Amino acid sequence: MNMKTPMRALNLSFVGRAPGLLAVGKCDLYQQHTPYLGWTAALESLTHHLLAGGDARLQRWREALTGELGNLARVAVDLVPEFGLIVPDAPSVLPVGPRETQARMCIAMRRLLKACATERHPLLLFVVDLHWADPATLE
């Protein structure tokens, strides 16, 4: 059974329900060696959704995300530069080795999801073609 049609229907019904958030990402067969490609696309999508609200809404998200991400906000900004419009004063992070960088990314993504996926604002995270994801995305 092709799951894309039922997922699209779920996606469309979810989008019609306010105040939910939608993040859509896609992994790509030809970019399997691009770290965090699925997360990058999903975060770009989420960033556009958050920026589409008014100033008061954006300020609430800015406070929630800054509070939850703390000094790891820069990790999200480095992944998706437009995210810097939401958390403009994200401090730099110290350079670390590859393992520590991956661990930092995992912690930052968990915190970001925690801030966005609340009972008041459910989050639909929709990542297509996950079977083509790079190892870092799957981590």
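Three salt bridges are present in the structure, that is, 3 pairs in which a side-chain nitrogen of Lys or Arg lies within 4 Å of a carboxyl oxygen of Asp or Glu. The structure is a predicted model, in which local features need pLDDT of at least 70 and side-chain atom pairs count only at pLDDT 80 or more, while totals for chains, interfaces and linings use all residues. Residues are numbered from 1 along each chain as its sequence is written, and side-chain values use heavy atoms, with hydrogens and water left out.

Side chains of opposite charge can pair when their charged atoms come close. One such pair joins K26 and D129, with a distance of 2.7 Å from N to O. K26 belongs to strand β1 and D129 to the loop between β2 (123–128) and α6 (135–138), so this salt bridge ties together parts that lie 103 residues apart in sequence. Helices (H or I, at least four residues) and strands (E, at least two) are DSSP runs, numbered from the N terminus. The two partners sit in unlike surroundings: K26 is partly exposed, with a relative accessible area of 41%, whereas D129 is buried at 13%. Here, buried means under 20% relative accessible area, exposed over 50%, and partly exposed in between, for a 1.4 Å probe and protein chains only.

A second salt bridge is found between E68 and K114, whose closest N and O atoms are 3.8 Å apart. This pair also links distant parts of the chain, with E68 in helix α3 and K114 in helix α5, 46 residues apart. E68 is partly exposed at 24% relative accessible area, and K114 counts as exposed at 56%.

The pairing of D78 with R74 has its closest N and O atoms 3.8 Å apart. Both residues lie in helix α4, 4 residues apart, or about one turn of the helix. D78 is exposed, with a relative accessible area of 53%.

Turning to the interior, the largest nonpolar core contains 29 residues, and L43, L46, L65, F83 and L112 have the most contacts inside it. Such a core is a set of buried Ala, Val, Leu, Ile, Met, Phe, Trp, Tyr and Cys residues joined through side-chain atoms within 4.5 Å. Two or more residues each come from β1 (21–26), α2 (37–51), α3 (55–69), α4 (73–79) and α5 (98–116). Of these, α5 gives the most, with 6 residues. Leaving aside residues up to four places away in sequence, L65 touches L50, G70, F83, I86, V87, L112, A115 and C116, where contact means heavy atoms within 4.5 Å.
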